[in-house]
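Biologist: Good morning. I am new to this structure and would like to go through it with you. Could you put it up, please?

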Amino acid sequence: MTDAQEPAAPEAPEAEAVEAVEETDVTAEATAEPEEEKPVEGEIVDEEFTVHAPAAGEGPNQAAAQGTTDDAHQHGLGAELAALRTDLDERTRDLQRVTAEYANYRKRVDRDRALVVEQASANVLGALLPILDDLDRAREHGDLVGPFGSVAEQLNAALTKFGLTVFGAKGDPFDPTVHEAVAHLTSAEVTEPTCIDVMRRGYLLGERLLRPALVAVADPE
C-alpha cells in the first residue's frame, strides 16, 4: 500500500518565486533615491557653502594689471577734469571782461547822451539870453509891470526849471572865472576886489558857464 501511493507534488517552485519577489523588492529599495528630508518649520537648516578656487591665470599678476588699468582710468579722468576747469576759468574771464566792457559802454553812452542834452539846452537857452537882457533893462526902468511883467516872471520860472541860473549883482566878490571886468578903479570902501556895477548879468546851465557877467571892479587902495 505504501509503494502504491503517488508522491506529493513538490512545493519548491512556489518558494523560489516568493524568494525572487522579495529579492526584487529589496533591490528596488536599495536602488531607490532617498527622499529629501523637508525641514520642519522653525528648524535651522545648515546650508553648504562651496569655495571656488581661483581660475587659472587669476593670480597676483592679473590683480596688478587690473590696478594699473584703474590708475590709468583715474589719471585720464583727472586730466579731463583739469582741462574742463581750465576751460571754465577762461570762459569766466571772458564773461567778466565782456561785462566790464558793457558797463563801460553803458556809462559812456549815458555820459554822451547827457552831454548831447546839455548842449542842446545850452543852444536854446543861449538864444534866449538877449531877450532876458531886454527884460532886465525893462525892469530897471520900471517898465516891467502888469501882464507883461507876469509873462516875464513865468518865462524866468520856466527857464529855471531847465537848470538856468542867473548871477552877477553889485557887491559880489570879483571872480575872474565867471566875471568879465570892463572897468577897474580903487576904493577905500572895499577890502578885496568887488563888483561895484553890473552891466550885464551872467548865466549858468547847471555847472556850465553860458555867459560871464560884465562888471566894473573896485580894488582896495
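Biologist: To begin, how many helices and strands does the chain have?

Modeller: There are three helices and six strands in the chain. Please bear in mind that this is a predicted model.

Biologist: In what pattern do they follow along the sequence?

Modeller: Reading along the sequence gives α-α-α-β-β-β-β-β-β.

Biologist: And what percentage of the residues count as buried?

Modeller: The chain has 221 residues, and 14% of them count as buried. Its accessible surface is about 18,000 Å², with 56% of that belonging to carbon and sulfur atoms.

Biologist: What about contacts in the chain: what percentage join residues at least 24 apart?

Modeller: If one takes contacts between residues at least 6 apart in sequence, 64% join residues at least 24 apart.

Biologist: Let us turn to the interior. Which residues make up the largest nonpolar core?

Modeller: The largest nonpolar core has eleven residues: Ala122, Leu125, Leu129, Leu132, Leu135, Leu144, Ala152, Leu159, Leu164, Tyr203 and Leu205. At least two residues of this core come from each of helix 2 (60-140), helix 3 (146-161) and strand 4 (202-205). Helix 2 provides the largest share, five residues. Another core, of seven residues, lies apart from it and includes Phe167, Val198, Ala213 and Val215.

Biologist: Could we take some members of the largest core in turn? What does Leu125 touch?

Modeller: Setting aside residues up to four places away in sequence, Leu125 touches Leu159, Leu164, Leu205 and Leu210.

Biologist: And Ala152, is that buried or exposed?

Modeller: Ala152 is buried, because its relative accessible area is 3%, and the cut-off for buried is under 20%. This residue lies in helix 3. Not counting residues up to four places away in sequence, Ala152 touches Leu135 and Leu144.

Biologist: Then Tyr203. Where does that one lie, and why does it count as buried?

Modeller: Tyr203 lies in strand 4. Its relative accessible area is 4%, so Tyr203 is buried.

Biologist: Which residues is Tyr203 in contact with, leaving aside its neighbours within four places in sequence?

Modeller: Several, among them Leu129, Leu132, Asp133 and Asp136. The list also includes Leu164, Thr165, Val166 and Phe167, as well as Arg208, Leu209, Leu210 and Arg211. As for Gly168, it is 35 residues from Tyr203 in sequence, and the two are 8.6 Å apart in space, C-alpha to C-alpha.

Biologist: You mentioned Asp136. Where is its place, and is it buried or exposed?

Modeller: Asp136 has its place in helix 2. This residue is buried, because its relative accessible area is 13%. Leaving aside neighbours within four places in sequence, Asp136 is in contact with Arg201 and Tyr203.

Biologist: How far is the C-alpha atom of Asp136 from that of Ala152?

Modeller: The separation is 9.6 Å between the C-alpha atoms of Asp136 and Ala152, and along the chain these residues are 16 apart.

Biologist: A change of topic: pockets. What volume does the largest pocket have, and which residues line it?

Modeller: Its volume is about 260 Å³. The lining consists of Asp133, Asp136, Arg137, Arg139, Glu140, Gly168, Ala169, Lys170, Val198, Met199, Arg200 and Arg201. Asp136 is thus one of the lining residues and also a buried residue.

Biologist: Which element gives the most to that lining?

Modeller: Helix 2 does, with five residues. Both helix 2 and strand 3 (194-200) supply at least two residues of the lining.

Biologist: One last residue, Ser187. Where is it found, and why does it count as buried?

Modeller: Ser187 is found in strand 2 (residues 179-187). Ser187 counts as buried because its relative accessibility is 15%.

Biologist: What does the side chain of Ser187 reach?

Modeller: The Ser187 side chain reaches the backbone nitrogen of Glu189, at 3.1 Å. Beyond its neighbours within four places in sequence, Ser187 is in contact with Ala218, Asp219, Pro220 and Glu221.

Definitions and conventions
Residues numbered from 1 in each chain as written. Predicted model: local features only at pLDDT ≥ 70, side-chain atom pairs only at ≥ 80, totals over all residues. Heavy atoms only, no water. Helix = DSSP H or I, 4+ residues; strand = E, 2+ residues; numbered from the N terminus. Buried < 20%, exposed > 50% of the residue type's maximum accessible area, 1.4 Å probe, protein only. Polar contact = N/O pair within 3.5 Å; in protein donor to acceptor, adjacent residues only side chain to side chain. Contact = heavy atoms within 4.5 Å. Core = buried A, V, L, I, M, F, W, Y, C linked by side-chain atoms within 4.5 Å. Areas by Shrake-Rupley, 256 points an atom, 1.4 Å probe, with all protein chains shown as cover. 1 Å grid on protein atoms, 1.4 Å probe; cavity = no way out; pocket = protein on both sides within 12 Å on 5 of 7 lines; lining within 4 Å. Points joined across faces, edges and corners; volume = space filled by probe spheres on them.
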